[in-house]
Amino acid sequence: MIKKTISMTFMYLVLIFVVVVSLFPLVWVVMSSFKTNADILSSPFSLPTSFDFEPYLQVLSTNNFLTFAINSFTIASIATVGSLLMYSMGAYVIAKYDFWGRNIFFIIFAMTLLVPGHTKTQPIFSLVANLGLYDTRQGLILVYLSAGLAMCMFLMRSSFTAIPKEITEAATIDGAGFIRIFAQLHLPLVKSGLATAGILLFLGNWNEYYFAMLLTASARNRTLPYALAFFNETFAYNYTRMFAALTLVIIPGILIYIITQEQVKMSLTAGSVKG
Amino acid sequence: MDTKSKLGRRNLPWVFIFLLPTLVMFAMFYLWPIIEVFYTSFTRYRGFGLHTAEWLGFANFTRLFNMQSFLISITNIALWSVLAIVLHVSFGVVVAFIFYRGIPGWKFARAAFMVPVVISSAAWAMIYRFIFNNDFGLLNNIIRIFNPDFQLNWFFSSPAAFWAITFTWVFYAVIVTMVVLGDLMAIPSDLLEAASIDGASSWQKTWFIKLPLCRFSIGTGVIMSVTSRISMYEAIALTSRGGPGDDTMSLSLILVRAISDNNFGLANATAVIMFIMGILTMVIVNKLFRMNDSVY
């Protein structure tokens, strides 16, 4: 009995610790965004006395913040849709058609997961620069398009493989062509795989910092994560606004996660286990 | 001949067209970059094609090994990797075993645990920059409850900066937890029942059945957490910037610095070292955890 109480206490202490380290920093950031500069400095634990959205409006209306947000959103969306299209086409023929080198292609694509991040920095930097795409949104989109190759291959190949082949046979007998079978028959059947891959791709693109930092220079093409690096200068030690801006950067990711919890959970493990 | 291969042959042009975009991306962003990185790490290079690279032999590597910041980076990565295994992965495994017990509230804890990984690592680094801030930071304010005179700029003093950076990732082990939890849930229940009938205690079941059966996912967790230490960038660049001195330097910071100095050969020599460290980690963990043998 005592032993059981001890083990229960231990387990709950760990769970409470998990929740606190995961959520408390965020709660603190959001809370601070509703407090005055003086309150942030003098009483960091106090609850905000009122919910004043003034700092948020100020952040949104100044400092190009809206430009950064729009950049982030368009770049992430275009790259996500493009990746989904390209890699589901690739995964589709690997899953559904037999041709020479089919398995070799899959193994090679899967092996891209083994290349440690950042090692390809210079070639990608030079590629974008030599294409004349340095400091453009197109350059970032191009790089982000390459990011999800292995993950999409894994997710989409298994989704397409799960479609029973009788469906294909029936359609072929009915005289449907290659494109029609793909677009009208198979693609609608892998909606959940597409959604999972899409969410993971979008989150990755929306959050990306490293290449945004390397490949853009002007504020016109900056994305939100990279804009964070300039916050101290931008907000001139107005802490309330800094916390409000930080809240605005982290909210979309959390919202997407809350809405699509099951899929994010699945995809996070699917993408990593198979690596 | 099954329908699949017949279909394949008849539609060969389409198959090729569908595969083409993936192949182009693979060649542009994976295959060619790796060739370029390995070759030009032995050269003086400005990024205008391999024919413009000027052969230097091992000069870039010799230069790296004579750089103080490089040696500190290697030490830091080694120490962070040890911490990743000893603290990060084992914490993730412990949490997975607790989730597996399914005590009330575990689903909420799991959902909360996931939140830090859906946030941009840049934003997470900024949050921690604030938490460790001397004036309004969360941590110092907690410490000042007990010691009112406490003053410390965590990210700008030695050795506090190293530990502050460690804190930004060490407890956020949700991916390890999820991967291990997946393996735990896959353990056939008759196996555990049989062990109970033979008189195994719950500790014995954990040590001799569950943990060994999770070795694939634990190994995966070790590989993932160590390789992310090798390429860690945002958590350093947005907080201590490698300082104070070279205290918290890491290879990816050296790489970025070399690129902004237009010294691409040196940047790629750094990348080659990162690459070798990553592959070595994978090979060693694979051997140690016998990840190639089937679990059941």
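## An exposed asparagine in chain B

Let's start with B:Asn262, which sits in the loop between H14 and helix H15 (264-288) of chain B. Is this residue buried or exposed? B:Asn262 has 11 other C-beta atoms within 10 Å, so it counts as exposed. Its backbone is worth a look too: phi is near 60°, a positive value in a residue other than glycine. Bear in mind that this is a predicted model.

B:Arg241 also has a positive phi, about 55°, although it is not a glycine. You'll find B:Arg241 in the loop between H13 and helix H14 (251-260) of chain B. With 14 C-beta neighbours inside 10 Å, B:Arg241 counts as partly exposed, because a residue needs 12 or fewer to be exposed and 20 or more to be buried.

## How sure is the predictor?

Chain B has an average pLDDT of 90, and 96% of its residues score at least 70. Which elements of chain B mark the two ends of the confidence range? Helix H1 (residues 3-10) of chain B has the lowest mean pLDDT, at 58, while helix H4 (residues 68-101) of chain B has the highest, at 95. For the model itself, the scores are ipTM 0.89 and pTM 0.90.

## Where the two chains meet

How many residues take part in the contact between the chains? On the chain B side there are 75 residues, and they are in contact with 72 residues of chain A. Helix H2 (residues 12-40) of chain B gives the most to the chain B side, with 17 residues. Sorted by class, that side of chain B has 53 nonpolar, 17 polar and five charged residues.

One spot to look at in the viewer is where helix H1 (residues 2-32) of chain A meets helix H5 (residues 106-118) of chain B: their axes come within 8 Å and cross at roughly 40°. That angle is neither under 35 degrees nor between 65 and 115, so H1(A) and H5(B) are oblique to each other. The crossing of H1(A) with H5(B) is left-handed. H1(A) brings A:Leu15, A:Val18, A:Val19, A:Ser22, A:Leu23 and A:Leu26 to the contact, and H5(B) answers with B:Trp106, B:Ala109, B:Ala112, B:Phe113, B:Val115 and B:Pro116. Eleven of these residues are nonpolar, one is polar and none is charged. As a rule, residues three or four places apart on an α-helix point the same way, because the helix has 3.6 residues a turn.

## A histidine that touches both chains

A:His118 is placed in the loop between helix H5 (102-111) and helix H6 (121-130) of chain A. Its 22 C-beta neighbours inside 10 Å are why A:His118 counts as buried. Which residues does A:His118 contact, leaving aside its neighbours within four places in sequence? They are A:Tyr210 from chain A, plus B:Ser231, B:Tyr233, B:Ser252, B:Leu255 and B:Met274 from chain B. As for A:Leu149, it is 31 residues from A:His118 in sequence and 16 Å away in space, C-alpha to C-alpha.

## Inside chain A

Now for two helices of chain A. Helix H4 (residues 65-96) and helix H11 (residues 191-207) of chain A pack at an angle of about 140°, with their axes 9 Å apart. Since an angle has to be over 145 degrees to count as roughly antiparallel, H4(A) and H11(A) are oblique to each other. Their crossing is right-handed. Among the residues that meet here are A:Ala76, A:Ala79 and A:Thr80 in H4(A), and A:Leu194, A:Gly198 and A:Trp206 in H11(A). The contact of H4(A) with H11(A) has nine nonpolar, six polar and no charged residues.

A:Leu142 belongs to helix H7 (residues 137-147) of chain A. With 21 other C-beta atoms within 10 Å, A:Leu142 is buried. Not counting residues up to four places away in sequence, A:Leu142 touches A:Val128 and A:Leu133. A:Ser33 is 109 residues from A:Leu142 along the chain, and their C-alpha atoms are separated by 35 Å.

## A cis proline and the helix after it

Back in chain B, the peptide bond from B:Ser158 to B:Pro159 is cis, with omega near -5°. B:Pro159 has its place in the loop between helix H7 (138-146) and H8 of chain B.

Helix H8 (residues 160-167) of chain B has B:Ala161, B:Ala164, B:Ile165 and B:Thr166 as its buried residues. What do they pack against? The partners of these buried residues of H8(B) are H4 and helix H13 (234-237) of chain B.

Notes:
Residues are numbered from 1 along each chain as its sequence is written. Chains are lettered from A and ligands numbered from 1 in the order in which they are written. This is a predicted model: local features need pLDDT of at least 70, side-chain atom pairs count only at pLDDT 80 or more; totals for chains, interfaces and linings use all residues. Two residues are in contact if their C-beta atoms, placed from the backbone, lie within 7 Å. Helices (H or I, at least four residues) and strands (E, at least two) are DSSP runs, numbered from the N terminus. Ala, Val, Leu, Ile, Met, Phe, Trp, Tyr, Cys and Pro count as nonpolar, Asp, Glu, Lys and Arg as charged, and the others, Gly among them, as polar. pLDDT is the predictor's confidence in each residue, from 0 to 100. Axes are lines fitted to C-alpha atoms, for helices over the stretch in contact, and angles run from 0 to 180 degrees between N-to-C directions. A crossing is left-handed if the near helix is turned anticlockwise from the far one by less than a right angle, and right-handed if clockwise.
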